[in-house]
Amino acid sequence: MAEFDFDAARRWARFDPQSALARRSDNELPFVNPDSIGGQGLLLDTSVYIDQMQGRSPQMLDDLIAQRQVNHSTVAIQELMHTVDVLSPSDARTATVIDVIGKQIRGMPPHRIFAPDTDVLGRAALLSGILCRLQGYEKDGKLRAQQDCVLFLQAQKLGLVVLTANVGDYDILLQLIPSGRALFYRSK
């Protein structure tokens, strides 16, 4: 395992704007459209899997996924697996949902699953700390922010675009790290 360079990561984190950032209007952001079907490989945010499993993904999103190289992160797998044990065993729907999640994860080609490295994890921790402080995130928001930051920086390091419905958080990440890439969509 590569050694983590604490000092380099701290120097990298000096982009801190020191104040909250506002979400930009949709017309300033990269949304999926018929002209953006081709392009860079994708790293899917957990929102994509959830929307597909729940039948809420728009046709344009399904077309995009069919045309581009699709990659998966262990971050999304972790979030999906968390759902498996959060669901109530006494709820009659739980077994079906777990089965659908299992099929989704088993359907990911192993050569397209990537785990974040030490550098990404360390920088994501710094970035999520900045994000939480600037945006005033509380307990639940802090974990979500950390996972989003890992996925965002992992995609950047791999030369991929994060595909997500999470416009609010990823817009802020794009403002903090303009060299990162995200592509947004709206669920049905």
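1. Leaving aside neighbours within four places in sequence, L173 is in contact with L127, L131, D148, C149 and F152. In this predicted model, L173 is also one of the residues that touch the most other members of the largest nonpolar core, a group that includes L127, L131, F152, Y170, L176 and F184 as well. That core has 30 residues, and α6, α7, α8 and β5 each supply at least two of them. Another core, of 20 residues, lies apart from it and has V32, Y49, L183 and Y185 among its members.

2. Helix α8, which covers residues 167-176, is mostly covered, with eight of its ten residues buried. The buried residues are V167, D169, Y170, D171, I172, L173, L174 and L176, a list that contains acidic residues as well as nonpolar ones. What covers them includes the helices α6 (118-135) and α7, together with the strands β4 (161-164) and β5 (182-184).

3. V167 is found in helix α8 and deserves a separate look. It counts as buried because its relative accessible area is 4%, which is under the 20% limit. Leaving aside its neighbours within four places in sequence, V167 is in contact with R23, D26, L29, F31, F184 and R186. For one of these partners, D26, the separation is 141 residues in sequence, while the C-alpha atoms of V167 and D26 are 8.7 Å apart in space.

4. Two of the contacts of V167, D26 and R186, also form a salt bridge with each other, the closest N and O atoms being 2.5 Å apart. The pair links distant parts of the chain, since R186 belongs to the segment after β5 and D26 to the loop between α1 (6-12) and β1 (42-44), with the two positions 160 residues apart. R186 is partly exposed, at a relative accessible area of 42%, and D26 is partly exposed too, at 33%.

5. How many salt bridges does the structure hold? There are eight salt bridges in the structure. In one of them the side chains of D51 and R56 meet, at 2.5 Å from N to O; D51 counts as buried, with 2% relative accessibility, whereas R56, at 32%, counts as partly exposed. In another, D91 pairs with R93, and the closest N and O atoms are 2.6 Å apart; here D91 is partly exposed, with a relative accessible area of 26%, while R93 is exposed, at 58%. Elsewhere, D117, D119, R123 and K157 are linked in a network of salt bridges.

6. Helix α7 takes in residues 139-158, and its length can be checked by a short calculation. Its 20 residues should span 28 Å at 1.5 Å a residue, and the C-alpha atoms at its ends are 29 Å apart, so the model agrees with the expectation. The buried residues of α7 are G141, A145, Q147, D148, C149, V150, L151, F152, L153, Q154 and A155; D148, C149 and F152 are among the contacts of L173 described at the start. Just after the helix, G159 takes a positive phi of about 75 degrees.

7. The strands form an open sheet of five, in the order β3-β2-β1-β4-β5 and with parallel pairing. Its edge strands are β3 (113-114) and β5, each of which pairs on one side only. At the β3 edge, the pairing with β2 (residues 70-73) is in the parallel sense and runs over two bridges, and I113 of β3 is the bridge partner of H72.

8. Which strands do helices α3 and α7 lie across? Helix α3 (residues 59-67) lies across β1, β2, β4 and β5, and its direction is at about 150 degrees to that of β4. Helix α7, for its part, lies across β1, β2, β3 and β4, running at about 160 degrees to β1.

Terms used:
Residues numbered from 1 in each chain as written. Predicted model: local features only at pLDDT ≥ 70, side-chain atom pairs only at ≥ 80, totals over all residues. Heavy atoms only, no water. Helix = DSSP H or I, 4+ residues; strand = E, 2+ residues; numbered from the N terminus. Expected span 1.5 Å × (residues − 1). Buried < 20%, exposed > 50% of the residue type's maximum accessible area, 1.4 Å probe, protein only. Contact = heavy atoms within 4.5 Å. Salt bridge = Lys/Arg side-chain N within 4 Å of Asp/Glu carboxyl O. Core = buried A, V, L, I, M, F, W, Y, C linked by side-chain atoms within 4.5 Å. Pairing = 2+ DSSP bridges. Axes fitted to C-alpha atoms, helices over the stretch in contact; angles between N-to-C directions.
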